[in-house]
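Open the model in your viewer and set the display to cartoon. The stops below go from one edge of the fold inward.

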Amino acid sequence: MIAPARKNILIVEDDQSISGEMAKTLERMGYEVTGVFASGEEFMEKAAKLPRPDLVIMDVSLAGSMDGIQTGKYAESQLKLPVIYITGYREKAAMLEEKGRVPLLKPFTTDDLRAAIGVIFYRLSLREIKNPINDRKIPAPKKPDLNLNN
């Protein structure tokens with residue numbers, strides 16, 4: 001059996017204690033953390049230079065002039081990356097959920113993080129079923145030649 005490819009995750013979180021602990025937790029869960037950024041500006045500057053991530057985990061409140069919502073919208077629309085939004089505010093989490101986003105409410109547990117990641121990858125699998133990446137067309141079946149006089 002072939003082992004599934006390891007998923008790459010970027011973290012955008014300005015609190016080093018949270019981002020460090022989250023990176024360790026993700027690696028224990030079997031994910032590869034390919035970058036940790038403290039601001040939206042740093043993410044925008046450096047993310048495109050790294051291997052393409054499968055997921056971005058983004059704090060809503062970031063250092064710098066761009067907040068996590070703005071940076072997340074950029075990641076989703078321009079880079080076509082799925083984003084989990086981390087917030088300490090229930091109202092923001094509810095607003096994000098109403099808009100179809102996946103929020104993660106602080107403080108969160110490893111199980112909460114695992115569940116949010118599962119939701120993202122499940123949604124992506126549904127999207128791939130509806131819109132296959134390779135856009136392969138299955139040829140129409142040919143009628144068999146039943147002429148027995150040949």
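**Strands and helices**

Select strand S4 (residues 83–87) together with S5: the two pair in the parallel sense over 4 bridges (strands pair if DSSP finds at least two bridges between them; strands are DSSP runs of E, at least two residues, and helices runs of H or I, at least four, numbered from the N terminus). Within this pair, Thr 87 has Leu 105 of S5 as its bridge partner.

Add helix H4 (residues 90–98), which packs on the sheet and touches S4 and S5 (contact means heavy atoms within 4.5 Å). The direction of H4 makes about 165° with that of S5 (axes are lines fitted to C-alpha atoms, for helices over the stretch in contact, and angles run from 0 to 180 degrees between N-to-C directions).

This is a predicted model: local features need pLDDT of at least 70, side-chain atom pairs count only at pLDDT 80 or more, and totals for chains, interfaces and linings use all residues. Residues are numbered from 1 along each chain as its sequence is written, and side-chain values use heavy atoms, with hydrogens and water left out.

Now show the open sheet of 5 strands, ordered S2-S1-S3-S4-S5 with parallel pairing. S2 and S5 (102–105) stand at the edges with a single partner strand each, so one side of each has no neighbour in the sheet.

Move to S1 (residues 8–12), where 5 of 5 residues are buried (under 20% relative accessible area, 1.4 Å probe, protein chains only). Asn 8, Leu 10 and Val 12 lie on one side, Ile 9 and Ile 11 on the other. Val 12 stands opposite Phe 37 in S2, and Ile 11 has Ile 57 of S3 as its bridge partner.

Notes
Buried means under 20% relative accessible area, exposed over 50%, partly exposed in between (1.4 Å probe, protein chains only).
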